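Me: Please take a close look at the helices of this model, at how they are packed, and at the backbone in the loops and strands around them. A formal, connected account would be appreciated.

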Amino acid sequence: MVDPYALVAYCDRFLAAGDFDDYAPNGLQLEGERPITRLASGVTASEALIEAAIAWGADAILVHHGWFWKNEAPCLVGMKGRRARRLFKAGTSLIAYHLPLDAHPQVGNNAALAAHLGWVDAEPVADRRGVLWSGRLNFGCSPEVFAARVSERLGRPATLIAAGRERIERIAWCTGGGQGYIEQAAALGVDAYVSGEISEQTTHAARELGVAFIAAGHHATERYGVQALGAHLADRFGLEHCFIEIDNPA
C-alpha cells in the first residue's frame, strides 16, 4: 500500500520528470480517495481503459497518454467530463508520464521496445534527450524481412518504405509519433528508421535520404514502457499490477 503522492514523488525522481518540457502535465492528474494497493496500467486514459481498470478494482491507473494536452481545451465537459466523473465516482487516481517515460533508459518506451524486438546495442542519441535511440539487429536482413518480423512481434501490419535499401543492420527508432526525427536518424548513418506513425512527407524523406522507414503503430510501439514501469512500481511498493490492453490499430 502506498499513498498516491508518495508514489508520484518516487516516479518523478526515478523518471527525472522535472528535466522535460512536456506537452502535458506529468504525475498525478486526478487524485483518488484511497491509498494504492492495486495499480492498473495502460497506454491511454480512455473511457474503455478506465472502465476496465475500475472493474479490476484498481486504486490508480498509470498511463503514457493522460489528459490536458498543450493547446487543448482544458474544460472537463463532454467526453472528458465523462472520463473524469467515472474516476471521481470510483475514487481512482490517474497518473500519467509522457516524455519521461519515452526516454527512461530502463523502463522507457524506446528501451522496452528494443528489448521486446530483440534489438542490440540499444542506446539513446545524446542530443535528442533520450527520445531518439539507435542500435542494430542481431543479423542483417532485407527491409521486407525486417518489417515482417516487426509486424509479427507487435501483432499488427507495419508500413514499410524500403527506400532502395537491400540490407538492414544498423537502425534508429523513436516510439509513437516520432516520424519527424527521420533526418536526425539518417545523419547517424543507419540503414532503417522505425517509429509509430507515418506522415505524407515521411515517404519522400525516406526515399530522398536513402533510409528505409517502418511505421509500426503509435499504440503498438508504446505498450511496453508503461508495463515495465508498472511492474517496477509493483515490485518496489508491493502492489498488485495489471496491464490492460485496449485495442487500437493506430
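Reply: The account below treats one helix, then two helix pairs, then two backbone positions.

The model is predicted, so local features need pLDDT of at least 70 and side-chain atom pairs count only at pLDDT 80 or more, while totals for chains, interfaces and linings use all residues. Residues are numbered from 1 along each chain as its sequence is written, and side-chain values use heavy atoms, with hydrogens and water left out.

Helices (H or I, at least four residues) and strands (E, at least two) are DSSP runs, numbered from the N terminus. Helix α6 comprises the twelve residues 143–154. The expected span of a helix is 1.5 Å times one less than its number of residues; for α6 this gives 16 Å, in agreement with the 16 Å that separates its end C-alpha atoms. Its buried residues are P143, F146, A147, V150, S151 and L154, where buried means under 20% relative accessible area, exposed over 50%, and partly exposed in between (1.4 Å probe, protein chains only). These residues lie on the same side of α6 because they cover an arc of only 135° around the axis, the arc being that of the directions from the helix axis to the C-beta atoms. After α6 comes G155, with a positive phi near 75°.

For helix pairs, axes are lines fitted to C-alpha atoms over the stretch in contact, and angles run from 0 to 180 degrees between N-to-C directions. Helix α2 (residues 47–56) packs against α3 at about 10°, with the axes 10 Å apart. The two are therefore roughly parallel, given that angles under 35 degrees count as roughly parallel, over 145 as roughly antiparallel, 65 to 115 as roughly perpendicular and the rest as oblique. E47, I50, E51 and I54 of α2 make the contact with R82, R83, R86, L87 and A90 of α3, contact meaning heavy atoms within 4.5 Å.

Helix α1 (residues 4–15) and helix α10 (residues 224–237) pack at about 125°, their axes being 12 Å apart. This angle makes α1 oblique to α10. On the α1 side the meeting residues are L7, Y10, C11, F14 and L15, and on the α10 side L229, H232, L233, R236 and F237.

Two backbone positions remain. Most residues other than glycine have a negative phi. N71, although not a glycine, has a positive phi of about 70°; it is placed in the loop between β3 (60–65) and α3 (78–90), and counts as exposed at 80% relative accessibility. D121, also not a glycine, has a positive phi of about 55°. D121 is placed in strand β5 (residues 120–124) and is exposed, with a relative accessible area of 51%.
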